Amino acid sequence: SKIEAANLERIKTYLLQRKDQYGKPVAISGGAKIFDWTRRLAWYKRPDMLFEDPKILAWILKRQNIDIIMAGNVSPGDTGMEEELKKILKIIDGNAILKKRVHFVQDYDEELSKALSYGTDVSINTPIVGHEACGTSPWKRILNLAILISTDDGGLADLAIKAEEEGKTDYKPAYLQISGKDYQEEAESLYDNLWNAALLCDGKARISWGDFVKNQLAEYLPIISGARMEKDYINLGFPVPIPTS
């Protein structure tokens, strides 16, 4: 659509004002789809999962014309994550395709987060299930019509939990779910979903891009809605007194 094209040009122009891991302007490859992994850098969020197999990742990015924007800040004193980030950047630097197509944007801030919210085609979320409190970035991406690739964690798990409580056995998430019995299977699932997300963006999947993002919205708007959140906050802050008799 014209709106999508305008947003894409807007984000490309904005990114040229930011610096990548080499101190150069962030230049998106010609015609590339923009995927992002942007959040606080912490061990349970697993930013390294994307790089479990650099050769496969590079092949997907080249074949499907994808650029990945990564950004995030390490918490002060988290030396383990600082070392992990160095390893990630070394992997990127050691592969010519990744070096061209994976851009780690310096100084992650609210301005960059806002820009990516309206300009990203696909957003990637890889936390260990059971560790994410809620996370607002998936909601922002869904509201701005991005395809979401994620583990079933945080607020995204609400619908699965509800389905289980209601005894439903046919529930399937509206987003592209990362799944598997162990880390290796999850990484393979992530790569499959990168490929499938690209097909959706290009109109080559069984379901159209429009229907997919509409399904995401239909599933999660009741959870994301301000009215629902306001109700929860009011009930939490001003609970109904328990009868004493």
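These are my notebook entries on a predicted model, made while I went through its sheet, its cores and a few single residues.

**Entry 1, the chain as a whole.** I began with the inventory and found ten helices and six strands in the chain. Of its 245 residues, 44% count as buried. The exposed area comes to about 13400 Å², of which carbon and sulfur atoms supply 55%. I also looked up how contacts are spread along the sequence: among those with a separation of 6 or more, 76% are between residues 24 or more positions apart.

**Entry 2, the sheet.** In what order do the six strands lie in the open sheet? I read the order as β3-β2-β1-β4-β5-β6, with parallel pairing. The edges are taken by β3 (102–104) and β6 (176–177), and each has a single partner strand, so one side of each has no neighbour in the sheet. I then followed α8, which lies across β1, β2 (66–71), β4, β5 and β6 and runs at about 175° to β5.

**Entry 3, strand β4 and its partners.** I took β4 (residues 122–125) next and asked which residues bridge it to the strands on either side. Towards β1 (residues 33–38) the pairing is parallel and consists of two bridges, and there Phe 35 has Val 122 as its bridge partner. Towards β5 (residues 147–150) the strands also run parallel, joined by four bridges; Val 122 is partnered by Ile 147, and Ile 124 stands opposite Ile 149.

Are the faces of β4 buried or exposed? I found both of them covered, with Val 122 and Ile 124 buried on one side and Ser 123 and Asn 125 buried on the other. The arrangement can be read against a general rule, that side chains in a regular strand alternate between the two faces of the sheet.

I looked more closely at the two polar positions. Ser 123 in β4 counts as buried because its relative accessibility is 0%, where the cut-off is under 20%. Setting aside neighbours within four places in sequence, I list Asp 36, Arg 141, Ile 147, Leu 148 and Ile 149 as the contacts of Ser 123. Asn 125, also placed in β4, has 5% relative accessibility and is therefore counted as buried. With the same sequence neighbours left aside, Asn 125 touches Arg 39, Pro 138, Ile 149, Ser 150, Thr 151, Leu 156 and Ile 178.

**Entry 4, the nonpolar cores.** Which residues touch the most other members of the largest nonpolar core? Within this set of 35 residues they are Phe 35, Leu 50, Phe 51, Leu 57, Ile 68 and Leu 194. Helix α8 (residues 183–201) gives the most to this core, with seven residues. I noted a second core lying apart from it, made of 15 residues that include Ile 11, Tyr 14, Ile 34 and Val 105. In soluble globular proteins, nonpolar side chains tend to be buried together.

I then listed the partners of Leu 57, not counting residues up to four places away in sequence, and found Leu 50, Phe 51, Ile 68, Leu 98, Tyr 191 and Leu 194.

**Entry 5, helix α2 against α8.** I looked up how α2 and α8 pack and found their axes 10 Å apart, at an angle of about 5°, which means that α2 is roughly parallel to α8. On the α2 side, Ile 56, Leu 57, Trp 59, Ile 60 and Arg 63 meet Tyr 191, Leu 194 and Trp 195 of α8.

Ala 58 is in α2 (residues 54–63), and at 3% relative accessibility Ala 58 counts as buried. Apart from neighbours within four places in sequence, Ala 58 is in contact with Asn 95, Ile 97 and Leu 98. Ala 58 and Asn 95 are 37 residues apart in sequence, yet their C-alpha atoms are 7.8 Å apart.

**Entry 6, two positive phi values.** Most residues other than glycine have a negative phi. I checked two that do not. Arg 46 has phi near 55° and is found in the loop between β1 and α2; its relative accessibility of 7% makes Arg 46 buried. Leu 145 has phi near 65° and lies in the loop between α6 (137–143) and β5, where Leu 145 is partly exposed, at a relative accessible area of 35%.

Definitions and conventions:
Residues numbered from 1 in each chain as written. Predicted model: local features only at pLDDT ≥ 70, side-chain atom pairs only at ≥ 80, totals over all residues. Heavy atoms only, no water. Buried < 20%, exposed > 50% of the residue type's maximum accessible area, 1.4 Å probe, protein only. Pairing = 2+ DSSP bridges. Core = buried A, V, L, I, M, F, W, Y, C linked by side-chain atoms within 4.5 Å. Contact = heavy atoms within 4.5 Å. Areas by Shrake-Rupley, 256 points an atom, 1.4 Å probe, with all protein chains shown as cover. Axes fitted to C-alpha atoms, helices over the stretch in contact; angles between N-to-C directions. Parallel < 35°, antiparallel > 145°, perpendicular 65-115°, else oblique.
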